[in-house]
Structures are given as C-alpha cells and as structure tokens.
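Student: I should like to take a close look at a single part of this model. Please begin there and then connect it to the rest of the chain.

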Amino acid sequence: MTTTATATRRHVYLFGPSRTDGKADMKALLGGKGANLAEMAALGLPVPPGCTITTEVCALYNANGGKIPDDVRADVLAALDEIGRDVGAKFGDAETPLLVSVRSGARASMPGMMDTILNLGLNDRTVEGLAARSNNARFAYDSYRRFIQMYADVVLGVDHSVFEEILENHKNLNGFSLDTDLSAGDWKGVIAEYKKAIEAEIDKPFPQDTSEQLWGAVSAVFGSWQNARAITYRRLHDIPDDWGTAVNIQAMVFGNMGPTSATGVAFTRNPSTGAKQLYGEFLVNAQGEDVVAGIRTPQPLTEAARKEAGETAPSLETLMPETFGELTRIFDLLERHYRDMQDIEFTVQEGKLWMLQTRAGKRTTAAAFRIAVELAEEGILSREEALMRIEPGALDQLLHPTIDPDAEKRIIATGLPASPGAAAGEIVFDSDEAEALKAQGRSIILVRIETSPEDIHGMHAAAGIVTARGGMTSHAAVVARGMGRPCVCGASALKIDMAAGTLMANGRTFRKGDLITIDGTAGEIIVGAVPMRQPELSGDFATIMSWADGVRRLGVRANADTPRDAEAALSFGAEGIGLCRTEHMFFEEDRILAMREMICATDEAGRRKALAKILPMQRADFKQLFEIMGERPVTIRLLDPPLHEFLPHEDREITAVAQALGISPATLKARVTELHEFNPMLGFRGCRLAIRYPEITEMQARAIFEAAVAASKRTGKSVTPEVMIPLVAYRTEYDLLARVIRETARAVEAESGTKLSYLIGTMIELPRAALKAAEIATGEDGAEFFSFGTNDLTQTCIGLSRDDAAPILASYEEKAIFEVDPFVSIDRDGVGELVAIGTERGRKVNPDLKIGICGEHGGDPRSVAFCHETGLDYVSCSPFRVPVARLAAAQAAISSNAAVRDKD
Ligand code: PEP
Ligand code: MG
C-alpha cells in the first residue's frame with residue numbers, strides 16, 4: 001500500500017550554495033539545526049549542501065505506524081539529485097558516490113538525545129570508488145567502518161560494544177595503540193569481522209543497498225524522537241511531545257582525510273565564564289563524533305588557551321593559521337547576525353573549512369549574565385533584550401555554594417572545571433542507583449568513566465558529577481552545565497572499576513558510599529564533606545538586577561521569619577517582608593514548650609499565663625525584624641499553627657508540658673486526644689484559633705506594637721507594621737480580630753505616648769474569601785491589604801491536601817492532568833481565576849487596596865508573570881528566590897509592554 005503526505009504541504013527543504021529554501025525563523029518546521037543551516041547557507045557561508053525533512057513528517061511517520069510517505073521519499077530522492085549535482089557525485093554511484101550524514105534536529109536543542117548517522121551511502125562497491133576518488137584508501141575504509149558501526153548501533157540495534165571488542169582485539173594483536181595506527185588493510189579486516197558479527201546478531205547481512213540504508217536511517221531518526229532518553233529529556237526541559245524532530249540529510253565533508261583535515265567545536269565566548277574569548281577544541285584527522293564522545297583528548301583552538309592549559313599539542317591557531325583566521329571572521333559574523341553567543345561545529349577537509357552547525361550556546365548562569373551585559377554594552381542588544389536572555393529559573397545556579405577558602409582540603413585528583421559550584425555527597429557509580437538514593441533524600445556524586453545520554457536521570461539526581469574521560473565539550477560537561485550541576489570531567493588520574501564499585505586515586509581506594517566533595521569551578525575532587533560558603537553576588541549580576549528593577553512594575557518582598565532570613569532577603573534585594581509566619585518563631589526547643597503550654601491550656605487563665613511567657617520572645621523578634629528592615633514594609637501574620645505540628649506526642653514532651661501546666665500527664669494526654677483532628681489542614685487553624693481565644697491576638701498585637709515603638713525609638717525611623725489575619729473566610733471573622741488589634745493598638749499608644757501607624761489586612765487563601773473579597777475590603781474598617789496565600793488556596797480550590805499530594809501529583813503529571821505541579825506553578829485556569837476574582841472585587845470597593853501574594857508561587861517565574869498580568873502590587877517569596885522574582889517580574893513587564901506595542 002502506498003502512503004502519501006498532505007499534498008499541499010512542502011516536506012523537504014534544500015539548503016546549500018546553489019539553492020536555499022528555509023531560514024532561521026522556521027525552527028518549528030525545520031528544527032533548530034535545519035533552520036540554522038539554511039540561514040548560514042543564505043549568508044553565503046561554506047555549508048555542505050543538504051536538505052531537511054520537516055518536523056511535520058515526524059508526526060506523520062509516528063502516526064502512520066513508522067512509514068515514510070511515498071511523496072516524501074520522492075522529494076528526498078529529487079533533493080539528493082540536486083545535492084549530488086552540487087558536489088559532483090551521485091547517491092549510490094560506484095564511481096563517484098555521494099555520501100551523506102543523517103541527523104536529527106528538533107525545534108529546541110536536545111544535545112546528544114537523538115541519533116546521528118555519518119558516511120551513509122558506503123557499501124562494498126562505493127567504498128572502492130571513494131578510495132579511488134580520494135586517492136586515500138585508508139580514509140575510505142576508516143569511513144566505511146565508522147558507518148557500519150553507527151548504522152548497526154542506531155538502525156539495526158547491535159550494541160556498540162560488539163565493535164569495540166573486535167577493534168580492541170585487532171589493535172592488541174597488532175600492537176597498535178591508536179585508531180590512526182590502522183592501515184587500509186587493517187580496516188578491511190576489521191570491516192569483514194564487523195559484518196560477520198552483524199549477520200550473527202540479526203540473521204541478515206549488513207545492507208548493501210544505499211536506498212535501504214537511507215530509509216533505514218531516516219526512520220531511525222524519526223523513531224528516536226520516541227526513545228527513552230529523548231522522552232526523559234523532554235520531560236526535564238518541558239518540551240512538548242508533539243513537536244517532533246526534523247531530519248537533516250547533508251553531503252559529507254571529511255575531517256578524517258589526513259593531517260590537513262580536522263573537526264572541531266567552538267563557542268564564540270567562554271561558556272563557563274562568559275568572557276569574550278574564542279573557546280573550543282578540535283581533533284586532527286577525525287570525524288565530529290570523536291570530539292563529543294571524549295575518546296581522544298582534543299586540542300585547544302587558540303594559543304592562549306593552549307598555554308593556559310599547559311598543552312604540548314599545537315593549537316589550531318598555529319597548526320592551520322588561515323583556517324583559524326577564516327573561522328574567527330565567521331564566528332564574529334554569526335554572533336552579530338544571531339545577536340547571541342554561538343555554539344558551532346566545523347570540519348576542515350584538506351585545508352577547506354566547512355560549517356556544519358550553529359546554535360545559541362548553552363552557558364552557565366554566570367556566563368549568561370556576563371554575555372547579556374556585554375552584548376548590551378557592545379550595542380548588539382538593547383537592555384530589555386539582554387534581560388529577556390536570562391532564564392530566571394537558572395539563577396539558582398548562581399546561588400550555588402562554593403568551597404570555603406579557609407577549609408582544609410585533601411585533593412584526590414583534579415580534572416577539568418566543567419561546570420561551576422561545589423557539591424558534596426556519596427560516591428555512586430550507577431545512574432539508576434543515583435536516582436534511587438536521591439529519592440531517599442541522600443546527596444550523591446555520580447562518578448563515571450564517561451557519561452552518555454543514558455545517564456541523564458542519574459545526572460539530574462546527582463548533586464555533582466565526575467568523569468575520568470572527556471573534555472569541556474564532552475557529554476558530561478555540556479549536560480552538567482545545562483542542568484546547573486557542578487561537574488569535574490576528564491579526571492584521568494581516577495582509576496574507576498565499575499564492577500568492583502571502587503575508585504582509586506592518589507594511592508587510595510574509595511568505595512561506593514564514601515563521601516567526597518567536588519569543586520566544579522576549580523576542577524578538584526576532595527576527600528570527605530568540605531565546609532562551603534554561600535555565594536556573594538556582584539558585578540554583572542548586580543547590573544542585570546538593577547536593569548530589571550528599572551523596568552519591573554511588581555514589588556518583590558520576601559517571606560522571612562527570623563532576623564537571619566530578613567538579612568538574607570535584604571542582601572538579595574527584597575523591598576520588604578511580605579510574610580512573617582509567627583508560628584515559625586517557635587520551632588526551637590526552649591520556645592516550643594511555651595507554645596505547647598498555650599495550645600494545651602484548658603482555660604483562659606492557663607492560656608494567658610503561657611502567653612505572658614511568649615510575649616517578650618515575640619516582641620524581641622519583631623523588634624529585630626523592624627530594626628533590620630527600617631522603613632520597609634513588614635507584614636506579620638497572626639498565629640496559624642496547624643495544631644498537629646505543635647501538639648506534644650512523645651512521653652518526654654508530654655511530661656514537660658504537663659509540668660509547666662501543673663496538670664498530670666494523664667490529663668494532658670486526654671487534652672491532646674481532645675485536640676486531635678482528622679483533617680488538621682482544614683481544622684482549628686488560622687483565625688479560627690484566635691476567634692475562639694482572642695487573647696492570642698491581643699498578645700501578638702501587643703508584641704507587634706510594642707516592638708514597633710521600641711524599634712522606631714532606637715532607629716529613629718518610622719515603622720508601619722502590616723498585621724495580617726490568616727485563613728479568613730467571612731467578613732465577621734475579620735471584624736472580630738481587627739477590633740482586638742485596634743483596641744490593643746490604642747492601649748499601647750496610651751501606655752507609650754506614641755501615635756502608631758499600622759495597617760490591618762488579611763490573607764486570601766480560601767475560595768470563599770476570594771469570592772467575598774468585596775465584602776471583606778468594604779468600608780473604613782475593611783481590610784487594608786490582601787495577600788493571596790496560594791499554598792492554601794491551591795489546596796482548597798483543587799481540594800488536594802498539601803501534605804498528601806506527592807503520590808497523586810506523580811501520576812497526575814504522568815497522565816498530563818497537571819502540566820506542572822500546581823503547588824509549584826500557579827494553576828492559572830482555576831486557582832488563578834480565584835486570584836483574579838479576589839483582586840477585581842477587592843479593588844472595586846477599595847481602589848487603593850494593596851495586593852500581594854505570599855504562597856510559594858511568589859518565587860516561580862511563570863506565577864510571577866501571572867501576578868504581573870493580574871495587576872498585583874507585589875510578590876513575596878523565600879529570600880533566595882528574590883533575585884529570580886525580580887528578573888521574572890522585569891521579563892513580565894517587558895513582555896506585556898511588547899504585547900501592548902504590537903496591538904497598537
Ligand atoms: C499560603 O497558604 O499560601 C501561605 C503563605 O501560608 P502557609 O503556607 O503558611 O499556610
Ligand atoms: Mg496558608
């Protein structure tokens with residue numbers, strides 16, 4: 001049966017010196033690689049001709065049960081004819097064979113995630129044609145064996161270890177150490193053994209028909225969209241499953257044609273630091289895969305890098321000065337054209353330079369800051385564009401700890417500083433095990449000879465990664481940088497015995513489970529867990545943050561419960577405290593007793609006695625917070641203890657509380673049983689506690705106001721506390737407690753002879769509160785501010801317990817019911833609508849109502865964008881996320897300004 005694709009759509013796009021159909025902005029259709037090859041060809045750069053089969057065909061292929069539509073086949077063959085004409089060769093021809101590479105290329109870059117086949121078109125006859133034409137039999141047979149190896153692995157499913165073993169045997173028998181020691185005759189022998197091994201494995205000879213090879217390879221690339229590692233990569237990077245991959249078929253150019261040929265990869269700026277220096281590696285007489293696979297150690301491109309690394313092998317700059325000059329000109333052109341740092345692959349075939357790929361280079365967050373600032377300063381980007389270039393979520397990477405410079409360290413081995421930051425953990429050699437141990441809450445350092453895309457889940461689970469082989473552009477290095485995991489790679493002094501589960505270095509043996517620390521900035525591997533320091537932020541970070549502050553509309557506050565949190569929040573640029581959870585001030589041993597005493601007291605007198613102990617503690621805490629924050633707003637939330645977190649359970653705790661209350665342990669136990677709740681998160685929490693026992697609010701309000709008086713006396717600054725009532729659903733609840741707060745304020749004013757300035761407001765964290773926002777904010781005595789508690793609002797809107805959600809979330813995410821965890825990123829459609837309703841109804845009755853958010857969503861970039869669009873005044877998040885929120889708020893403002901401009 002024949003199958004055809006839709007007749008109206010074009011499925012194959014050519015690129016090359018004589019004709020180019022696509023361009024850079026066609027990534028959705030041509031994939032990133034295909035679109036950029038077309039763009040480079042259109043710019044007149046030396047790109048080997050080729051064609052791209054669109055991503056739409058991938059969807060058709062997978063929907064058709066793995067069939068390539070006939071009209072697509074015909075278009076590809078016609079394209080191959082044109083490509084052949086360009087290079088003076090013909091696909092399948094015995095004398096002048098056209099060889100091609102077949103590579104995947106999705107819309108988003110997915111390095112190493114899908115399959116690639118090189119040298120396709122070789123068989124027992126065409127290899128001879130290639131040998132004769134190139135006058136280089138060694139090269140022709142080397143290419144043929146590479147093709148057989150790759151094709152068998154990717155298309156026929158023969159494990160590559162089969163070929164490695166044959167090659168190793170051949171080398172050992174003949175006393176060779178390098179692949180380049182093998183002659184044409186050697187390769188012929190190896191090829192014969194490869195073919196035998198394949199036939200033994202698959203019961204069929206290796207395909208000699210070049211068309212069969214071609215469709216096999218194209219199918220494998222389309223099929224690789226569905227392989228396990230590609231699926232994992234998509235899940236980790238939020239790439240939709242329906243995007244599909246394009247297939248690029250391109251005339252081969254050869255870096256393995258002898259000493260004037262080479263292959264290399266380069267970044268136009270240093271991807272670790274962002275410094276404006278050409279950065280990359282190359283191998284003489286090799287094909288592209290050799291560099292990335294980390295089998296041979298590549299040489300640096302520039303003399304400066306060679307000297308710095310103390311390398312003896314020459315740089316490209318000295319070895320091939322003309323090519324190097326041309327490359328640097330092209331790099332500059334590409335960077336200006338794409339207005340971003342580029343990651344480039346090139347090949348030199350007998351002195352002639354060819355460009356094989358360009359794309360925006362992956363970089364560390366520190367490098368992203370530096371590159372964005374410098375591109376803006378060089379006039380290549382505007383400041384707003386520079387801000388949009390940094391992914392706020394990646395900021396976490398900048399906040400990685402570093403090794404305390406004063407700490408004593410015993411270095412086991414050194415390697416390449418592949419990805420910055422320090423991490424400590426147990427040695428684990430296996431990726432599955434790393435994932436399993438991480439799930440138990442253990443910190444892991446994944447140690448491998450080299451990593452491959454199969455290790456992606458282990459790398460993700462690990463706190464840090466070490467490899468014994470591979471350079472700065474090896475798989476481990478590239479992936480670790482992208483994930484923000486510290487990584488040391490190419491630590492060749494490490495002797496890793498995977499089977500025995502040991503690591504030998506420096507005369508010592510380490511076993512699985514032993515603790516080590518790695519410093520990905522210095523490239524060091526160190527014994528034990530070394531003390532670390534928190535990062536300090538300055539330079540380019542400060543520049544970007546100040547640009548962000550210049551454009552954002554949303555305020556950014558921090559959730560801070562202690563003076564230490566408040567200081568951290570200020571150092572990260574918080575403009576106030578949006579949530580101080582007062583119950584968190586009682587987690588410490590000496591304080592929790594007083595709190596338990598208060599909760600378990602059986603009458604008002606007992607409670608007041610306990611509250612009298614708590615008052616000075618709270619007053620001292622608040623005073624410190626006010627002193628640190630100066631005139632910045634500080635929102636203090638009245639007590640909201642889920643009771644189960646505070647009730648005494650163990651005998652030791654029960655005895656202590658009973659003693660303090662002057663009751664018997666048995667009586668206390670009975671009281672604890674009485675207070676037990678089936679659903680504590682929906683129980684005697686928040687304002688409900690104070691509605692029943694208003695003396696709690698009275699004490700807290702007194703502590704807040706007395707602290708405000710004392711702090712402003714001490715600092716000379718005016719303090720305006722914002723007193724926030726939690727878990728309100730009814731206006732009456734709000735009124736009852738607001739009245740207690742006002743009465744207490746009047747008492748403190750009278751006692752201190754000071755006029756207080758303060759606001760009273762409420763959390764909006766129950767659907768009823770969002771719906772009744774107008775009622776709650778109406779009139780002189782209505783709430784003066786709202787703060788959306790989206791943790792509880794998510795829990796109560798979806799009806800999904802915050803504490804029991806984990807296993808449900810996992811299956812809901814897997815079944816695509818939740819795109820993301822709604823406790824991490826706000827559920828715009830449901831919870832978001834409640835926030836929008838609350839905001840609109842509240843503002844209708846009080847246009848000056850100050851509105852913020854203080855759930856965990858306040859530090860999530862997507863939720864910050866939502867808050868901007870919904871017109872909130874500020875977000876409040878944990879101190880370390882404050883820079884993330886500042887940048888996300890700026891990006892939200894820039895995006896919505898652009899949307900407004902587009903509409904006009
Ligand atoms: C909330 O519910 O979003 C909130 C900030 O309060 P908590 O997490 O303390 O319940
Ligand atoms: Mg809450």
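Student: Where is Ala-816 found?

Tutor: The model is a predicted one, and what follows should be read accordingly. Ala-816 lies in the loop between α31 and α32. Its backbone has a positive phi, near 60°, in a residue other than glycine. Ala-816 counts as exposed because its relative accessible area is 61%, and the exposed class begins over 50%. Ile-817 is found in this loop too, which runs between α31 (806-814) and α32 (831-845). Together with Ile-808 and Tyr-812, Ile-817 makes a nonpolar surface patch of about 250 Å².

A positive phi also occurs at Asn-119, where the value is about 65° although the residue is not a glycine. Asn-119 belongs to strand β4 (residues 116-120). Its relative accessible area is 0%, so Asn-119 is classed as buried, whereas Ala-816 is exposed.

Burial also marks the metal site. The magnesium ion (ligand 2) is coordinated by Glu-765 through OE and by Asp-792 through OD, at 2.0 to 2.1 Å. These two residues are 27 residues apart and link distant parts of the chain: Glu-765 sits in the loop between β28 (759-764) and α28 (767-771), and Asp-792 sits in helix α30 (residues 790-798). Glu-765 counts as buried because its relative accessibility is 2%, with the limit set at under 20%. Asp-792 is likewise buried, its relative accessible area being 2%.

The nonpolar interior can be described next. The largest nonpolar core has 124 residues, and those that touch the most other members are Ile-544, Met-598, Phe-626, Phe-705, Ile-725 and Phe-786. Helix α26 (residues 694-715) supplies the largest share of this core, with 10 residues. A second core, separate from this one, comprises 83 residues and includes Ile-198, Val-221, Phe-254 and Met-257. To return to Met-598: leaving aside its neighbours within four places in sequence, this residue is in contact with Arg-607, Ala-610, Leu-611, Ile-614, Leu-639 and Ile-696.

One further position lies between the buried and exposed classes. Asp-497, in strand β18 (residues 495-497), has a relative accessible area of 35% and is therefore partly exposed. Its C-alpha atom is separated by 9.6 Å from that of Arg-448, and the two residues are 49 residues apart along the chain.

Key:
Residues are numbered from 1 along each chain as its sequence is written. Chains are lettered from A and ligands numbered from 1 in the order in which they are written. This is a predicted model: local features need pLDDT of at least 70, side-chain atom pairs count only at pLDDT 80 or more; totals for chains, interfaces and linings use all residues. Side-chain values use heavy atoms; hydrogens and water are left out. Donors are N, O and S atoms within 2.8 Å of the metal (3.2 Å for Na, K and Ca); water is not among the atoms, so sites may look incomplete. Helices (H or I, at least four residues) and strands (E, at least two) are DSSP runs, numbered from the N terminus. Buried means under 20% relative accessible area, exposed over 50%, partly exposed in between (1.4 Å probe, protein chains only). Patches are made of residues with over 30% relative accessible area and no salt bridge: like charges are joined within 9 Å, nonpolar side chains (Val, Leu, Ile, Met, Phe, Trp, Tyr) within 5 Å. Accessible areas come from the Shrake-Rupley method with a 1.4 Å probe; for residues, only the protein chains shown count as cover. A salt bridge is a side-chain nitrogen of Lys or Arg within 4 Å of a carboxyl oxygen of Asp or Glu. A nonpolar core is a set of buried Ala, Val, Leu, Ile, Met, Phe, Trp, Tyr and Cys residues joined through side-chain atoms within 4.5 Å. Contact means heavy atoms within 4.5 Å.
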